[in-house]
Amino acid sequence: MSKIKYDLEIPIHASPSMLYQYISSPSNLEEWFADKVNARGKVVTFEWDGTEEQAEIVTKKSGERIRFKWLESEDDESYFEIKIQVDALTKDVSLIVTDFAEEDEVEESKQLWENQIEELRHTIGA
């Protein structure tokens with residue numbers, strides 16, 4: 001089964017520079033994304049409930065975005081990316097999450113991201 005790409009745009013009231021720290025730094029990712037996060041070079045190990053998943057940082061643009069590729073999905077085009085977007089007129093800040101999921105898991109995956117971003121909002125007081 002091939003994975004389907006989807007995007008989520010979630011408004012968040014926070015400064016882009018602070019948000020970038022929360023999407024790129026292992027210690028800040030531990031506060032909202034995973035139980036434990038370790039980075040060695042470009043390889044990042046995420047841990048949830050004792051289960052480890054490793055991803056490689058594919059793209060990292062300071063203050064703007066970070067893209068990871070799960071090591072276990074090397075044979076496909078999937079990745080997940082968290083991008084900070086600032087509206088030019090209103091200066092509203094949003095997080096754009098791009099991810100891939102199996103067709104029957106897209107809604108569940110979106111819900112998981114929304115819960116994670118809600119945890120981020122709570123963590124930073126946004």
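The exercises below work through the helices, the sheet and some single residues of a predicted model.

Residues are numbered from 1 along each chain as its sequence is written, and side-chain values use heavy atoms, with hydrogens and water left out. Because the model is predicted, local features need pLDDT of at least 70 and side-chain atom pairs count only at pLDDT 80 or more, while totals for chains, interfaces and linings use all residues.

**Exercise 1. The sheet**

Task: State in which order the strands of the open sheet stand, and which strands stand at the edges.

Solution.

Step 1. Strands (E, at least two residues) and helices (H or I, at least four residues) are DSSP runs, numbered from the N terminus. Two strands pair if DSSP finds at least two bridges between them.

Step 2. The open sheet has 7 strands in the order β1-β7-β6-β5-β4-β3-β2, and the pairing is antiparallel.

Step 3. β1 (3-11) and β2 (36-40) each have a single partner strand, so they stand at the edges and one side of each is left without a neighbour in the sheet.

Step 4. On average, and with direction ignored, neighbouring strands of this sheet are turned by 25° against each other. Axes are lines fitted to C-alpha atoms, for helices over the stretch in contact, and angles run from 0 to 180 degrees between N-to-C directions.

**Exercise 2. Bridges across the sheet**

Task: Find the bridge partner of Arg-67 in β6, then the bridge partner of Glu-81 in β7.

Solution.

Step 1. Strands of a sheet pair through backbone hydrogen bonds, either parallel or antiparallel.

Step 2. β5 and β6 are paired in the antiparallel sense by 4 bridges. Arg-67 has Glu-81 in β6 as its bridge partner.

Step 3. β6 and β7 are paired in the antiparallel sense by 6 bridges. Here Glu-81 has Thr-98 in β7 as its bridge partner.

Step 4. At the edge strand β2, 5 bridges lead to the antiparallel strand β3 (residues 43-48). Glu-47 in β3 is the residue opposite Lys-36.

**Exercise 3. Two helices**

Task: Describe how the axes of helix α1 and helix α3 cross, and name the residues that make the contact.

Solution.

Step 1. Two packed helices are described by the angle between their axes and the distance between the axes.

Step 2. The axes of α1 (residues 16-24) and α3 (residues 106-124) come within 12 Å of each other and cross at roughly 125°.

Step 3. Angles under 35 degrees count as roughly parallel, over 145 as roughly antiparallel, 65 to 115 as roughly perpendicular and the rest as oblique. The two helices are therefore oblique to each other.

Step 4. Contact means heavy atoms within 4.5 Å. On the side of α1 the contact is made by Met-18, Leu-19 and Tyr-22, and on the side of α3 by Leu-120, Thr-123 and Ile-124.

**Exercise 4. A buried pair**

Task: Decide whether Trp-113 and Asp-99 count as buried or exposed.

Solution.

Step 1. Buried means under 20% relative accessible area, exposed over 50%, and partly exposed in between (1.4 Å probe, protein chains only).

Step 2. Trp-113 is in helix α3. Its relative accessibility is 6%, so Trp-113 counts as buried.

Step 3. Asp-99 is in strand β7. Its relative accessibility is 10%, so Asp-99 counts as buried.

Step 4. Beyond four places in sequence, the contacts of Trp-113 include Tyr-6, Phe-80 and Asp-99. With the same kind of neighbours left out, Asp-99 touches, among others, Tyr-6, Phe-80 and Trp-113.

Step 5. Trp-113 and Ile-10 are 103 residues apart in sequence, with 9.7 Å between their C-alpha atoms. For Asp-99 and Ser-78, 21 residues apart along the chain, the C-alpha atoms are separated by 7.2 Å.

**Exercise 5. Positive phi in two loops**

Task: Locate Asp-49 and Lys-91, and give the phi of Asp-49 and of Lys-91.

Solution.

Step 1. Most residues other than glycine have a negative phi.

Step 2. Asp-49 is in the loop between β3 and β4. Its phi is positive, near 45°. With a relative accessible area of 74%, Asp-49 is exposed.

Step 3. Lys-91 is in the loop between β6 and β7. Its phi is positive, about 65°, although Lys-91 is not a glycine. At 57% relative accessibility, Lys-91 counts as exposed.
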